[in-house]
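Here is a short report on one protein chain. Look at the sequence and the model first, then read on.

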Amino acid sequence: MTDPINPRQRYAGLFRRLFAIFYDCFLLAAILFIVSAVATALNHGKAVEPGDMLYPLFVLVIFSLSYLYFAWFWIHGGQSLGMKTWHIRIQTSDNSKITWKISAIRFIGAILSWTVFGLGFLWSLFDKKNRCWHDLISNTVLVDLRQKND
């Protein structure tokens, strides 16, 4: 979809977005696998489970690393590795810099978008700029970077 104000601006659709997320989840899973291995070693070879002394710290580390993975890429160039692969970039609606605060709002919002049966993502099918709930609350859009064949 294109922007009527800037006709050269195209917004990333739901499927490109989901494929980028899928790609990033593989990369993030590798990182979290290493963290889980370290946590298991620190827990005397047992998996860290609810009720274990390390569990709250383990959950905090997993959540924090997940946030840092996305936020660092968004702040430094606007593209995670999955977004680079699928040629999409995050930017604010007013083209200002993505900050840690915007990244945090977007990350928490994305979790909420998933937890309500994915309705936050399906919203993009009805939005003129293909924005999901987390885009709306963080004032961001995903731009399609593929060359337009005019």
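Asparagine 43 sits in the loop that links H1 to helix H2 (55-75). The model is predicted. Is asparagine 43 buried or exposed? Its relative accessible area is 13%, which is under the 20% cut-off, so asparagine 43 counts as buried. Beyond its neighbours within four places in sequence, asparagine 43 is in contact with Val48, Asp52 and Leu54. Histidine 44, just after H1, takes a positive phi of about 60 degrees.

**Helix H1 and tyrosine 69**

Helix H1 covers residues 14-42, which is 29 residues. At 1.5 Å a residue, H1 should span 42 Å. Its end C-alpha atoms are 40 Å apart, so the two values agree. Several residues of H1 are buried, among them Leu14, Ala20, Asp24, Leu28 and Leu32. Two arginines, Arg16 and Arg17, are also buried in H1.

Tyrosine 69 belongs to helix H2. Which residues does tyrosine 69 contact, leaving aside its neighbours within four places in sequence? They are Asp24, Leu27, Leu28, Ile31 and Leu81. Asp24 and Leu28 are on the list of buried residues in H1. Tyrosine 69 has a relative accessible area of 9%; that is under 20%, so tyrosine 69 is buried. Serine 36 is 33 residues away from tyrosine 69 along the chain, and the C-alpha atoms of the two are separated by 16 Å.

**Helix H4**

Helix H4 runs over residues 100-115 and has 16 residues. From its first C-alpha to its last, H4 reaches 23 Å, close to the 22 Å expected at 1.5 Å a residue. Its buried residues are Ile102, Ser103, Arg106, Phe107, Gly109, Ala110 and Ser113. What do the buried residues of H4 pack against? Their partners are H1, H2, strand S1 (88-92), helix H5 (119-122), H6 and strand S2 (140-144). After H4 comes phenylalanine 117, with a positive phi near 55 degrees.

**Two loop residues with positive phi**

Histidine 87 and asparagine 95 each have a positive phi although neither is a glycine. The table sets out their places and values.

| Residue | Loop | Phi | Relative accessible area |
|---|---|---|---|
| Histidine 87 | between helix H3 (81-85) and S1 | about 55 degrees | 41%, partly exposed |
| Asparagine 95 | between S1 and H4 | about 60 degrees | 59%, exposed |

Why do the labels read as they do? Asparagine 95 is exposed because its 59% is over the 50% cut-off. Histidine 87, at 41%, falls between 20% and 50%, so it is partly exposed.

**The chain as a whole**

The chain has six helices and two strands. Their order from the N terminus is α-α-α-β-α-α-α-β. The C-alpha trace spans about 60 × 25 × 25 Å along its principal axes. Of the 150 residues in the chain, 39% are buried. Take the contacts between residues at least 6 apart in sequence: 67% of them join residues at least 24 apart.

The chain exposes about 9,300 Å², and carbon and sulfur atoms supply 70% of that area. There are 15 positive and 9 negative side chains. The centres of these two sets lie 6 Å apart.

Confidence comes last. The mean pLDDT of the chain is 93, and 93% of the residues score at least 70. Where pLDDT is low, the predicted coordinates should not be read in detail.

Methods
Residues are numbered from 1 along each chain as its sequence is written. This is a predicted model: local features need pLDDT of at least 70, side-chain atom pairs count only at pLDDT 80 or more; totals for chains, interfaces and linings use all residues. Side-chain values use heavy atoms; hydrogens and water are left out. Helices (H or I, at least four residues) and strands (E, at least two) are DSSP runs, numbered from the N terminus. Buried means under 20% relative accessible area, exposed over 50%, partly exposed in between (1.4 Å probe, protein chains only). Contact means heavy atoms within 4.5 Å. Accessible areas come from the Shrake-Rupley method with a 1.4 Å probe; for residues, only the protein chains shown count as cover. Lys and Arg count as positive and Asp and Glu as negative; His and the chain ends are not counted. The place of a charge is taken as NZ of Lys, CZ of Arg, CG of Asp or CD of Glu. The expected span of a helix is 1.5 Å times one less than its number of residues. pLDDT is the predictor's confidence in each residue, from 0 to 100.
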